[in-house]
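Here is a friendly walk through the salt bridges, one helix residue and the enclosed space of this protein. Have the structure open as you read.

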Amino acid sequence: MSDWITALDGRYVSDERVAVACPPPLQEAMSKAVIAPLVHLGVLDVLGPGAAKLLQGQTSAQVDLADGEFAPLTAFCSAKGRMLANAQLMQISPDRYRLILHRGLLEALRDHLKKFAPFYKSELAIRDDLAILGLIGERVPALVANRFDVPLPAAWHQAGDEEVQLLAHPGPQPRALVCLPQERVQATVDGLGEETARVGNAVWCLHDIQAGLAWLTPTHQDALLPQMINWEALGGVSFKKGCYTGQEVVARAHFRGQVKKRLARARLTGEHLPPLGSAIVDESGKSAGEAIASEHDGCGNVELLAVLTTRDNIGPLSIEGQPLTLLPLPYPIERLDPESLAKASA
């Protein structure tokens, strides 16, 4: 077990999950704050004098919006508009950009971008020396201000410096993602105080689900348009920038209204977690979509995100024989331009 996971009283239960030995009563802990090791996420740096131009030609974000304050969501697509990865983009310095994405896609995205990097005098580096922590709870704004001496930024914005970055994420409780060197984790955890309870990263993933936020995994790589995970409704697609790989397909689907599947929230009774990609069917057994994320909700049920057909009157749905109850998303399904999001929060 790495030292930084030990600092959080954690133990690996899989490559992408860390649990703690004695988790606190979750609702009680959330009234204060909890901290989790976000081992399912990883960091890819793009650096060099042409890093911005490299990214501008490959990503759905308007790269010049990533100015050290706004940290836009983005997607990397194939020529057919299918996502190879989705990520959050930060500018660390004028010649260094940082991408936060699912750990399972780090190598694939690096190898994809490597094909273009020499033309832009740029390099790509997977940062295994960095740790990502998640803070959740009512006291998070105060903790961030006291421990890091900066106010918690608005959602999808960043604060900090070249060594430690803080990102605010939406959700039912205030959330901050902290990216920092592994050797600084122990001091950071100690500085947050004993009242900040340790939890596994499943708690953070549950809040992603409740926020309607899906991170692409290897299971769905090169299979979904950005709109199929509501990425344009979260400000993850700029329709005002120039060309990037897959842009024509993504734009055509948007302007012609040809998105046949959409991200939805749902609940299952019981504690069985359906595997990623599990089929969702209607009452006649016809496929209606598939699961792309699921977590226990702490109340004996499972909450999940699914990509579902947009056809009308699909009726009762089930997954692996269990009835599926649809839940409302916390945002409208309509285009949110990142240019407006950056300006509104400036």
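A residue is called buried here when its relative accessible area is under 20%, exposed when the value is over 50%, and partly exposed in between. By that yardstick, both Arg98 and Asp45 are buried. Please keep in mind that you are looking at a predicted model.

**Salt bridges**

Arg98 and Asp45 make a good starting point, since their side chains meet in a salt bridge with an N to O distance of 2.7 Å. This pair links distant parts of the chain: Arg98 sits in strand 7 (residues 96–102) and Asp45 in strand 4 (residues 41–47), 53 residues apart. The two residues also belong to a network of salt bridges that links Asp45, Arg96, Arg98, Arg127 and Asp129. Across the whole structure, a search finds 16 salt bridges.

Three of the pairs are set out here.

| Pair | N to O distance |
|---|---|
| Arg98 and Asp45 | 2.7 Å |
| Arg262 and Glu232 | 2.6 Å |
| Asp337 and Arg335 | 2.7 Å |

The salt bridge between Arg262 and Glu232 has its closest N and O atoms 2.6 Å apart. Here too the pair links distant parts of the chain, with Arg262 in strand 14 (residues 261–269) and Glu232 in the loop between helix 7 (202–210) and helix 8 (247–255), 30 residues apart. Arg262 has a relative accessibility of 18%, so it counts as buried. Glu232 counts as buried because its relative accessibility is 2%.

Which class does each partner fall into when Asp337 meets Arg335? Asp337 is buried, with a relative accessible area of 13%, whereas Arg335 counts as partly exposed at 31%.

**A histidine in helix 4**

Now turn to His112, which lies in helix 4 (residues 106–114). With a relative accessible area of 13%, His112 is buried. Leaving aside residues up to four places away in sequence, His112 touches Gln58, Cys77 and Leu84. Of these, Gln58 is 54 residues from His112 in sequence, and their C-alpha atoms are 9.8 Å apart in space.

**Enclosed space**

Rolling a probe the size of a water molecule over the atoms shows where empty space is left. How many cavities of 30 Å³ or more does a search of the whole structure find? The search finds 1, and about 50 Å³ of space lies in the largest cavity. Its lining is formed by Ala214, Trp215, Leu216, Thr217, His220, Leu224, Ile229 and Ile292. By class, that lining has 6 nonpolar and 2 polar residues, with no charged ones.

Methods. Residues numbered from 1 in each chain as written. Predicted model: local features only at pLDDT ≥ 70, side-chain atom pairs only at ≥ 80, totals over all residues. Heavy atoms only, no water. Helix = DSSP H or I, 4+ residues; strand = E, 2+ residues; numbered from the N terminus. Buried < 20%, exposed > 50% of the residue type's maximum accessible area, 1.4 Å probe, protein only. Contact = heavy atoms within 4.5 Å. 1 Å grid on protein atoms, 1.4 Å probe; cavity = no way out; pocket = protein on both sides within 12 Å on 5 of 7 lines; lining within 4 Å. Points joined across faces, edges and corners; volume = space filled by probe spheres on them. Nonpolar A, V, L, I, M, F, W, Y, C, P; charged D, E, K, R; others polar. Salt bridge = Lys/Arg side-chain N within 4 Å of Asp/Glu carboxyl O.
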